[in-house]
Amino acid sequence: MTPTKYIDRQVPTISLHDFESRIDDITTELVNAAENVGFFCVVDHGISRSAVDRIFDQSARFFHQNDDVKARVPFSPQHNAGWEKNAQIRPSTGAVDRKESYQMQFGEGMNGRWLDETTLPSFQKESLDFMRQAQGVSEKLMTCFARGLGFEEDYFIKAHDINRESSQTVCRLLHYFETPQVPNPTGEVFHRAGAHVDWDLLTLLFQKAGQSGLEICPGREVSTSFGYGDSWTKVEPDASKNAIICNVGDLLMSWSDDRFKSTFHRVKAPCEPGDYYGERYSIAFFNQPCKDAKIQGPLKKYPLVTGEEFTRNAMSRNYKALQDKLRQGQEKQTEVPQAVPAVSAQA
Ligand SMILES: O=C(O)CCC(=O)C(=O)O
Ligand SMILES: [Fe+2]
């Protein structure tokens with residue numbers, strides 16, 4: 001196996017303290033980070049570390065349920081909500097990520113997809129409280145990006161309104177399984193999250209101290225292409241600063257006429273000295289547009305589409321890339337592979 005190529009890249013840390021009075025400076029910093037790296041860490045954001053610890057406790061409570069209990073709230077690709085296990089296949093790998101996840105939303109997408117109060121008392125309330133706090137931080141970032149692009153300040157906030165029943169915004173609890181650290185004669189790769197880009201406007205990622213593995217690979221020029229390079233940069237969780245790792249998604253890349261970069265990233269399949277093999281928890285908050293939001297950048301580089309059309313197009317590009325990848329895999333094999341799980345709709 002050829003060793004992974006790593007290069008040092010600066011992932012900026014941006015403080016949101018005194019947001020109202022410093023909004024111009026914060027906007028400048030965010031715009032620079034979005035133009036150059038597509039990833040940045042946000043500190044002084046107002047969500048306390050104890051609130052972050054509490055939602056991780058809730059996440060562990062959920063995932064500690066037996067599979068037959070979690071299977072009462074199965075993932076629905078149509079709603080982009082619910083629980084799934086060892087099911088997501090990325091076009092970059094053509095194989096399942098070894099993880100389980102539970103996707104929650106604010107509105108009707110969750111009908112029938114919350115576990116009942118007897119099974120998990122207060123879980124729904126605690127989760128929604130945390131999600132509202134994550135939305136609060138997202139709205140500050142949206143305000144700055146709207147200013148940076150010359151839109152009205154509340155332009156992105158309105159297009160991602162979580163008070164509408166049809167809100168598409170997703171909070172995804174993630175649980176990666178421990179990877180066996182044993183000789184691996186078959187060369188099987190235990191993917192955690194294969195390389196991918198997110199489809200949403202912005203993602204807020206919460207991590208736990210010591211549970212590393214997130215890596216980024218900047219360099220993408222247009223939001224409609226899939227390729228990525230081969231040199232990676234590690235992004236370590238900084239729990240002491242209570243940092244939230246944020247990244248631009250394809251929606252903001254497209255909405256900014258490709259000025260802000262949606263960057264390839266992965267949770268590395270551990271295989272080299274120093275890699276983290278342990279169980280890993282993370283939480284991703286995906287800001288998804290309302291279905292009727294109208295999406296077009298100030299330079300009109302791409303035709304106007306609705307939020308619903310944008311997500312559908314992203315899904316079909318992803319599906320096609322996955323089919324191509326699986327076909328390449330089949331051509332290499334003499335035997336017909338087993339049936340592959342359905343493609344899911346996550347960002
Ligand atoms: O678990 C992580 O650290 C990253 C997850 C991620 O990139 C995703 O779910 O889109
Ligand atoms: Fe991601």
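A residue is buried if 20 or more other C-beta atoms lie within 10 Å of its own, exposed if 12 or fewer, and partly exposed in between. Keep that rule at hand for the exercises below, and bear in mind that this is a predicted model.

**Exercise 1. Find Ser256 in the chain and decide whether it is buried or exposed.**

Step 1. Start with the location: Ser256 lies in the loop between α6 and β12.

Step 2. Count its surroundings. Ser256 has 23 C-beta neighbours inside 10 Å, so it counts as buried.

Step 3. Look for its contacts. Setting aside residues up to four places away in sequence, Ser256 touches Leu149 and Gly297.

Step 4. Finish with a distance. Ser256 and Gly109 are 147 residues apart in sequence, and their C-alpha atoms are 28 Å apart in space.

**Exercise 2. Now treat Phe260 in the same way: where is it, and what does it touch?**

Step 1. Phe260 is placed in the loop between α6 (250–255) and β12.

Step 2. Its count is 27 C-beta neighbours inside 10 Å, and therefore Phe260 is buried.

Step 3. Leaving out neighbours within four places in sequence, its contacts are Ala34, Glu35, Gly38, Val248, Leu252 and Met253.

Step 4. For a distance, take Asp250: it is ten residues from Phe260 along the chain, and the two C-alpha atoms are separated by 9.1 Å.

**Exercise 3. Place Asn247 and list its contacts.**

Step 1. Asn247 belongs to strand β11.

Step 2. Because 27 other C-beta atoms lie within 10 Å, Asn247 is buried.

Step 3. Not counting residues up to four places away in sequence, Asn247 touches Gly38, Phe39, Asp198, Thr203, Thr263 and His265.

Step 4. Pick out Thr263 from that list. Asn247 and Thr263 are 16 residues apart in sequence, with 7.5 Å from C-alpha to C-alpha.

**Exercise 4. Assign a burial class to each of the asparagines Asn86, Asn242 and Asn184.**

Step 1. Asn86 sits in the loop between β4 (82–85) and β5 (99–104). It has 12 C-beta neighbours inside 10 Å and so counts as exposed. Check its backbone too: phi is near 45 degrees, a positive value in a residue other than glycine.

Step 2. Asn242 is in the loop between β10 (231–234) and β11 (244–248). With 18 C-beta neighbours inside 10 Å, Asn242 is partly exposed. Its phi is positive, about 55 degrees, although Asn242 is not a glycine.

Step 3. Asn184 falls in the loop between β6 and β7 (193–196). Its 13 C-beta neighbours inside 10 Å make Asn184 partly exposed. The C-alpha atoms of Asn184 and Val235 are separated by 27 Å, with the two positions 51 residues apart along the chain.

**Exercise 5. Describe how α2 and α4 pack.**

Step 1. Two packed helices are described by the angle between their axes and the distance between the axes.

Step 2. For helix α2 (residues 49–63) and helix α4 (residues 123–149), the angle is about 140 degrees and the axes are 10 Å apart. That makes α2 oblique to α4.

Step 3. Add the hand: α2 and α4 cross in a left-handed way.

Step 4. Name the residues that meet. In α2 they are Ala51, Arg54, Ile55, Gln58, Arg61 and Phe62, and in α4 they are Phe123, Glu126, Ser127, Phe130 and Gln133. Sorted by class, this contact has five nonpolar, three polar and three charged residues.

**Exercise 6. Repeat the description for α1 and α4.**

Step 1. The axes of helix α1 (residues 19–36) and α4 come within 9 Å and cross at roughly 65 degrees. The two helices are therefore roughly perpendicular to each other.

Step 2. The crossing of α1 and α4 is right-handed.

Step 3. On the α1 side the contact consists of Phe19, Ile23, Ile26, Thr27, Leu30 and Val31, which meet Lys140, Leu141, Cys144, Phe145, Arg147 and Gly148 in α4. The classes are eight nonpolar, two polar and two charged.

**Exercise 7. Which residues surround ligand 1, and which strands supply at least two of them?**

Step 1. The shell consists of Arg172, Leu174, Ala193, Asp198, Leu205, Gln207, Leu214, His265, Val267, Ser282 and Ala284.

Step 2. Strands β6 (170–176), β8 (202–207), β12 (264–267) and β13 (280–286) each provide at least two of the shell residues.

Step 3. By class, six shell residues are nonpolar, three polar and two charged.

Methods. Residues numbered from 1 in each chain as written. Chains lettered and ligands numbered in written order. Predicted model: local features only at pLDDT ≥ 70, side-chain atom pairs only at ≥ 80, totals over all residues. Axes fitted to C-alpha atoms, helices over the stretch in contact; angles between N-to-C directions. Helix = DSSP H or I, 4+ residues; strand = E, 2+ residues; numbered from the N terminus. Parallel < 35°, antiparallel > 145°, perpendicular 65-115°, else oblique. Left-handed = near helix turned anticlockwise from the far one by under 90°. Contact = placed C-beta atoms within 7 Å. Nonpolar A, V, L, I, M, F, W, Y, C, P; charged D, E, K, R; others polar. Near = placed C-beta within 6 Å.
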